[in-house]
Amino acid sequence: MNSQYQPKIIGFLCNWCSYAGADMAGTSRMSYEPNIRIIRVPCSGRVNPLLVLKCFQQGADGVLISGCHPGDCHYNEGNYHTRRRFALLRDFLDYLGIARDRLWVEWVSASEGQRFAQMVSNFTKELAELGPRSES
Amino acid sequence: MDSELIQQIRSEASYLLKDGTVKCVIGYERASDGLTSRPFFAYEPAAVERLIFDETCTHNLVRYLLDKKREKVAIVVKPCDSRAINLLLNEAQIKRHMVFIIGVTCSGVMETSCNDKGQALQARCQTCQMTKPLVYDFLVEQKLVERPEGEPYLDIQEIETKPIAARRAFWSEQFGRCIRCYACRQVCPGCYCPDCFVEQLDPLWVGIRIAPKENELWQITRAFHLAGRCIGCNECERVCPVDIPLGRLNRKLEKEVKELFTFQAGLSPEEQPPFATFKKEETLGFEE
């Protein structure tokens with residue numbers, strides 16, 4: 001594998017927890033892999049599976065969907081719906097040849113900057129091991 | 001052809017039309033090749049003589065109910081088609097009192113094509129154990145043939161066990177052939193959005209060119225919109241002009257929905273579909 005290969009990650013972060021968590025990582029000056037492009041959404045439940053498919057179609061190597069921990073959703077139940085939707089989409093994409101490790105759903109709260117930084121680094125590392133989309 | 005069965009359908013249809021209970025009876029008639037069948041709409045009592053039913057009646061007529069919401073109609077349904085009625089009732093697309101259901105017991109329909117009555121049962125019928133419609137107002141029974149109980153997901157497992165690169169190669173080849181005629185959508189009882197995402201211009205989800213990546217996005221999303229909703233009539237695969245195995249997409253989702261949410265579409269008009277509800281305690285493979 002090309003050691004210069006840098007995976008592209010699109011991250012959909014919920015406004016109330018994960019985006020604030022990413023902000024926390026930034027203001028705390030934690031360093032993490034710069035491979036993620038963050039898109040702020042009002043709730044992880046806002047993420048239409050079409051958005052994820054569109055990311056993969058346009059060449060993303062991985063997609064991260066991150067929201068409040070179950071039970072902590074600002075809109076009470078948005079993330080429960082997210083969980084059902086993407087549990088199924090992940091299995092389906094795997095069946096179609098897009099490895100399940102390319103779609104991550106993670107819960108990050110506003111105070112978990114450390115966790116966010118760690119997660120992005122882990123995701124980037126895992127995608128680098130998987131290689132470009134054409135290879136797995 | 002079971003003439004007694006057809007007589008029963010005709011006399012019931014004639015009664016309903018004469019009586020004024022329904023404006024129209026949706027059923028099957030002999031196609032112009034003289035062997036297979038095609039959908040038929042009887043508006044006059046005299047027209048019911050054209051109604052037939054046999055193992056070439058593959059079509060799922062429930063789709064037509066979506067175009068006939070304003071008048072009461074009668075419809076001939078097989079057991080699998082009756083699940084589509086449950087689906088549409090569940091999603092509040094039709095009203096039960098506006099439909100008179102003539103149910104027909106069934107032990108499978110044939111793999112037909114023009115000028116060919118078909119030699120074998122459709123693949124979906126071979127392991128199907130449903131013989132009686134789930135919902136009906138009038139039941140017509142015919143002689144049934146015993147079918148062996150089999151594993152319905154063998155062709156799905158065959159793809160699942162392939163390495164990931166082979167899976168992708170397989171589906172790229174399949175989607176690459178798609179000409180985006182949308183016949184699969186037009187024939188589907190579950191695809192009734194007035195504005196389909198594929199024809200939206202803003203946002204332009206799917207580009208208008210017929211290219212592999214655009215086709216793939218269309219195919220994946222079409223299937224995913226039917227997750228937990230597909231009732232397995234396999235009409236999409238039957239009408240596909242380039243023979244893309246769409247059933248293998250739909251049934252993969254059916255299998256996963258069954259495993260993850262223990263739900264099957266169209267079995268009841270009341271049960272909440274899996275994406276309209278959730279359980280707080282489930283984790284579905286995601287860490288808390």
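Reader: How do helix α3 (residues 78-96) of chain A and helix α9 (residues 246-261) of chain B cross?
Author: Their axes come within 10 Å and cross at roughly 140 degrees. That makes α3(A) oblique to α9(B). Axes are lines fitted to C-alpha atoms, for helices over the stretch in contact, with angles from 0 to 180 degrees between N-to-C directions. Under 35 degrees is roughly parallel, over 145 roughly antiparallel, 65 to 115 roughly perpendicular, the rest oblique.

Reader: What kind of model, and what numbering?
Author: This is a predicted model: local features need pLDDT of at least 70, side-chain atom pairs pLDDT 80 or more, and totals for chains, interfaces and linings use all residues. Residues count from 1 along each chain as written, with chains lettered from A and ligands numbered from 1 in written order. Helices (H or I, at least four residues) and strands (E, at least two) are DSSP runs numbered from the N terminus.

Reader: Back to that pair. Which residues of α3(A) and α9(B) meet?
Author: From α3(A), it is A87(A), L88(A), D91(A), F92(A) and Y95(A). They meet K252(B), L253(B), E256(B), V257(B) and L260(B) of α9(B). Contact is C-beta atoms, placed from the backbone, within 7 Å.

Reader: And by class, what does the contact of α3(A) with α9(B) have?
Author: Seven nonpolar, no polar and three charged residues. Ala, Val, Leu, Ile, Met, Phe, Trp, Tyr, Cys and Pro count as nonpolar, Asp, Glu, Lys and Arg as charged, the others, Gly among them, as polar.

Reader: Zoom out. How many residues of chain B are in contact with chain A?
Author: 29 residues of chain B, against 25 residues of chain A. On the chain B side, α4 (154-160), α5 (164-176), α7 (212-225) and α9 each give two or more residues.

Reader: Which element of chain B gives the most to that side?
Author: α7(B) does, with six residues. The whole chain B side divides into 18 nonpolar, two polar and nine charged residues.

Reader: How does helix α2 (residues 49-57) of chain A pack with α7(B)?
Author: The angle is about 155 degrees, with the axes 10 Å apart. α2(A) and α7(B) are therefore roughly antiparallel to each other.

Reader: Which residues of α2(A) and α7(B) meet?
Author: P49(A), L50(A), L53(A) and Q57(A) come from α2(A). Opposite them in α7(B) are K213(B), E216(B), L217(B), I220(B), T221(B) and F224(B). By class, that contact has six nonpolar, two polar and two charged residues.

Reader: New topic. In what order do the four strands of chain A form their open sheet?
Author: The order is β2-β1-β3-β4, with parallel pairing. β2 and β4 (103-107) of chain A stand at the edges with a single partner strand each, so one side of each has no neighbour in the sheet. The twist averages 20 degrees from one strand to the next. Two strands pair if DSSP finds at least two bridges between them.

Reader: Is strand β1 (residues 9-14) of chain A mostly covered or open?
Author: Mostly covered: six of its six residues are buried. I9(A), G11(A) and L13(A) point one way, and I10(A), F12(A) and C14(A) the other. Buried means 20 or more other C-beta atoms within 10 Å of the residue's own; 12 or fewer is exposed, in between partly exposed.

Reader: How many bridges join β1(A) to β2(A)?
Author: Six, with β2(A) spanning residues 36-41. F12(A) stands opposite I39(A) there. Five more bridges join β1(A) to strand β3 (residues 62-67) of chain A. G11(A) stands opposite L64(A) in β3(A). Helix α1 (residues 18-27) of chain A packs on the sheet, touching β1, β2 and β3, at about 115 degrees to the direction of β1(A).

Reader: What is the order of the five strands in the open sheet of chain B?
Author: β2-β1-β3-β4-β5, with mixed pairing. β2 and β5 (138-140) of chain B are the edge strands, each pairing on one side only. The twist averages 30 degrees from one strand to the next. Helix α1 (residues 3-19) of chain B packs on this sheet, touching β1, β2, β3, β4 (99-104) and β5, at about 150 degrees to the direction of β1(B).

Reader: Do β1(B) and β2(B) run parallel or antiparallel?
Author: Antiparallel, with six bridges joining β1 (residues 24-30) to β2 (residues 37-42) of chain B. R30(B) has S37(B) as its bridge partner. The two strands form a hairpin with six residues between them, and G34(B) in the turn has a positive phi of about 75 degrees.

Reader: Which way does β3(B) run with β1(B)?
Author: Parallel: three bridges join β1(B) to β3 (residues 73-77) of chain B. C24(B) stands opposite V73(B).

Methods. Two residues are in contact if their C-beta atoms, placed from the backbone, lie within 7 Å.
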